[in-house]
Amino acid sequence: MRRIELILVILVAALAVTVLLLGRRTGPPPSPYCRGGSPLAGVYHPARLQVRSRCVVATGVVTKVKFEEFDGDVHIDLAPHDRRLLSAGNDRVGGELVVEIIPQDRATVPIPDPGARVTVVGPWVDDTAHGWREVHPAWWISAGRLVPASSLELGRVQTLLRDTSSDKEDG
């Protein structure tokens with residue numbers, strides 16, 4: 001009798017694990033431009049970002065574009081059609097969604113002009129250092145011009161990423 005009970009317990013456990021694993025499947029990603037792997041790959045100080053969704057599609061109007069010298073990111077302020085993408089912290093940036101293109105992607109992700117209506121794809125994150133929500137890094141933007149990062153910008157971000165990596169090893 002104990003043998004049958006043991007078999008039943010194993011079968012029930014296997015069934016429970018199967019149901020849990022199948023229940024976690026989410027369907028296809030929201031865009032073919034969603035990437036696999038770490039959603040924050042190549043981001044300077046990724047520990048400050050909390051991923052809310054590994055891939056989101058956001059549409060809106062670009063209100064501002066700024067090239068950041070320090071890390072080479074391009075910051076885009078986007079007035080999103082879906083205001084649910086914002087948090088109260090986004091009020092500090094004019095109520096806009098912050099979108100950032102990292103230097104490593106600037107050869108393939110176009111930079112839109114202010115006033116352009118665009119769709120962006122990338123991880124939707126909480127920037128815990130600033131208290132607002134972002135798409136960072138942007139993996140795809142529907143319109144704009146390619147402005148590849150210079151070798152100086154790429155070198156600077158590689159140094160920053162290396163320094164961040166060594167900080168983790170030291171700490």
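In the predicted model, strand 4, which spans residues 117-127, pairs with strand 5 in the antiparallel sense, and four bridges join the two. Within this pairing, Trp124 stands opposite Val135 of strand 5. The two strands form a hairpin with four residues between them, and in this hairpin Gly131 adopts a positive phi near 85°. Strand 5 also pairs with strand 3, here in the parallel sense and over two bridges, and Val135 is the bridge partner of Val99 in that arrangement. Val135 thus appears in both descriptions, facing Trp124 on the one hand and bridging to Val99 on the other.

The side chains of strand 5 are divided between two directions, with Trp132 and Glu134 pointing one way and Arg133 and Val135 the other way, and all of these residues are buried. Such a division follows the general pattern, since in a regular strand the side chains alternate between the two faces of the sheet.

Strand 5 also contributes to the largest pocket, for which a volume of about 260 Å³ was computed. The lining of this pocket comprises 16 residues, of which Glu68, His75, Val98, Glu100 and Trp132 are the closest to its centre. Two or more lining residues are given by each of strand 1 (49-67), strand 2 (74-80), strand 3 (97-101) and strand 5 (132-135), and the largest share, three residues, comes from strand 2. Classified by residue type, the lining holds 10 charged residues together with four nonpolar and two polar ones.

Outside these strands, Ser31 is located in the loop that runs between helix 1 (2-23) and strand 1. Ser31 counts as buried because its relative accessibility is 7%, which lies under the 20% cut-off for that class. A polar atom of the Ser31 side chain lies 3.0 Å from the backbone nitrogen of Tyr33. When neighbours within four places in sequence are left aside, the residues in contact with Ser31 are Val57 and Val121.

At the level of the whole protein chain, two helices and six strands are present, and from the N terminus on these elements follow the order α-β-β-β-β-β-β-α. Of the 171 residues in the chain, 39% are buried. Among contacts with a separation of 6 or more, 67% are accounted for by residues 24 or more positions apart.

Notes
Residues numbered from 1 in each chain as written. Predicted model: local features only at pLDDT ≥ 70, side-chain atom pairs only at ≥ 80, totals over all residues. Heavy atoms only, no water. 1 Å grid on protein atoms, 1.4 Å probe; cavity = no way out; pocket = protein on both sides within 12 Å on 5 of 7 lines; lining within 4 Å. Points joined across faces, edges and corners; volume = space filled by probe spheres on them. Nonpolar A, V, L, I, M, F, W, Y, C, P; charged D, E, K, R; others polar. Buried < 20%, exposed > 50% of the residue type's maximum accessible area, 1.4 Å probe, protein only. Pairing = 2+ DSSP bridges. Polar contact = N/O pair within 3.5 Å; in protein donor to acceptor, adjacent residues only side chain to side chain. Contact = heavy atoms within 4.5 Å.
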